[in-house]
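Please open the structure in a viewer and keep the sequence panel in sight. This tour proposes a series of selections and describes what may be found at each.

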Amino acid sequence: MRAGAVTTCNVVRVRGTRFVPVTSDAFNDLLDANKRFAETFDLAGFDGVAHAGIAIVTCMDSRIDPLGMLGLSPGDAKIFRNPGGRVTPQALEALVLGVHLLQVKRVLVVPHTRCAMASATLEDLRARVGESAGQDASWQHFGVVENQEAALRDDVRQIRSHPLIPDSVAVGGFLYDVDTGLIEQRV
Ligand SMILES: [Zn+2]
């Protein structure tokens with residue numbers, strides 16, 4: 001059975017692990033929306049490669065539509081998101097897999113304007129999260145960015161110099177403007 005498929009008894013099997021759904025009302029609206037989505041679902045049997053040969057590393061910010069901003073569609077690109085759109089070890093792991101197993105030929109690193117990770121200090125974020133949580137958050141790591149341009153240069157350099165990512169892969173660093181929707185190449 002395909003991973004994620006649901007049987008008539010509503011039990012999902014992924015690699016032999018049996019998951020019994022949790023009863024909760026918290027997600028009902030989304031599950032209803034999913035049923036409507038599945039009615040016109042046309043990605044069944046899709047191979048999971050990046051059909052346009054694109055990988056995107058960008059921020060988790062909800063103002064960013066990674067596919068839409070590049071004129072792409074579901075199936076075209078591998079997308080890795082995190083706070084700030086940083087090239088972390090996990091992002092590099094995704095890119096190595098993308099390049100060698102999923103037909104990625106071009107990589108775009110796309111942080112954005114007015115990013116919280118590039119405008120707040122570590123102390124700020126810890127204080128605000130601690131206030132929200134009602135407890136000490138000074139131990140929590142947040143990958144704040146002091147200089148967004150310098151961080152982007154470093155991130156692109158990390159990809160270009162990775163021993164498992166060949167020079168034939170085009171790597172670019174861009175800045176997405178959340179107010180205009182435009183991206184501009186910086187590296
Ligand atoms: Zn951001």
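The tour begins with the whole chain and then turns to individual sites.

**The whole chain**

Display the full protein chain as a cartoon, bearing in mind that this is a predicted model. The cartoon shows five helices and seven strands. Followed from the N terminus, the elements come in the order β-β-α-β-β-α-β-α-α-α-β-β. Along the principal axes, the C-alpha atoms fill a box of roughly 55 × 50 × 35 Å. Of the chain's 187 residues, 33% count as buried. The chain exposes about 12,000 Å², and carbon and sulfur atoms supply 54% of that area. Among contacts between residues at least 6 apart in sequence, 61% join residues at least 24 apart.

**The zinc ion**

Select the zinc ion next. Which residues coordinate the zinc ion? They are Cys 59 through SG, His 112 through NE2 and Cys 115 through SG, at 2.0 to 2.3 Å. Along the chain, these donors follow the spacing C-x52-H-x2-C. Colour the donors by accessibility: His 112 is buried, with a relative accessible area of 0%, and Cys 115 is counted as buried at 4%.

Now select Arg 114, in the loop between β5 and α3 (residues 116-119). Is Arg 114 buried or exposed? Its relative accessible area is 54%, so Arg 114 is exposed, the cut-off for that class being over 50%. The backbone here deserves attention as well: Arg 114 has a positive phi of about 55° although it is not a glycine. Most residues other than glycine have a negative phi.

**Helix α2**

Move to helix α2, residues 89-101. Its 13 residues should span 18 Å at 1.5 Å a residue, and the end C-alpha atoms are indeed 18 Å apart. Show the side of the helix that is covered: Ala 91, Leu 92, Leu 95, Val 96, Gly 98 and Val 99 are buried. Viewed down the axis of α2, these buried residues fall within an arc of 165°, so they line one face of the helix. An α-helix has 3.6 residues a turn, so residues three or four places apart point the same way. The buried residues of α2 pack against β3, β4, β5 and α5. Rotate to the face turned away from the buried side, where the exposed residues Pro 89, Glu 93 and Leu 101 are carried.

Just after α2, select Gln 103, which takes a positive phi of about 65°. Gln 103 belongs to the loop between α2 and β5. With a relative accessible area of 45%, Gln 103 is partly exposed.

**Helix α5**

Select residues 148-160, which form helix α5. This helix has 13 residues and reaches 18 Å from its first C-alpha to its last, close to the 18 Å expected at 1.5 Å a residue. Which residues of α5 are buried? They are Ala 151, Leu 152, Asp 155, Val 156 and Ile 159. Seen down the helix axis, the buried residues of α5 fall within an arc of 130°, so they line one face. Display their surroundings to see that they pack against α2, β5 (106-110) and β6 (170-176). At the start of α5, a side-chain oxygen of Asn 147 reaches to within 3.1 Å of the backbone nitrogen of Glu 149.

Stay in this helix and centre the view on Asp 155. Asp 155 is buried, with a relative accessible area of 3%. What joins the side chains of Asp 155 and Arg 86? A polar contact of 2.7 Å does so. Leaving aside neighbours within four places in sequence, Asp 155 is in contact with Gly 85, Arg 86, Val 87 and Val 109.

**The loop around Leu 67**

For the last stop, select Leu 67, in the loop between β3 (54-59) and β4 (77-82). Leu 67 counts as buried because its relative accessibility is 16%, and the class requires under 20%. Add Ala 77 to the selection: Leu 67 and Ala 77 are 10 residues apart in sequence and 7.6 Å apart in space, C-alpha to C-alpha. Beyond neighbours within four places in sequence, Leu 67 is in contact with Leu 72, Ser 73, Pro 74, Ala 77 and Ile 79.

Methods: Residues numbered from 1 in each chain as written. Predicted model: local features only at pLDDT ≥ 70, side-chain atom pairs only at ≥ 80, totals over all residues. Heavy atoms only, no water. Donors = N, O, S within 2.8 Å, 3.2 Å for Na, K, Ca; no water. Buried < 20%, exposed > 50% of the residue type's maximum accessible area, 1.4 Å probe, protein only. Helix = DSSP H or I, 4+ residues; strand = E, 2+ residues; numbered from the N terminus. Expected span 1.5 Å × (residues − 1). Arc of directions from axis to C-beta. Contact = heavy atoms within 4.5 Å. Polar contact = N/O pair within 3.5 Å; in protein donor to acceptor, adjacent residues only side chain to side chain. Areas by Shrake-Rupley, 256 points an atom, 1.4 Å probe, with all protein chains shown as cover.
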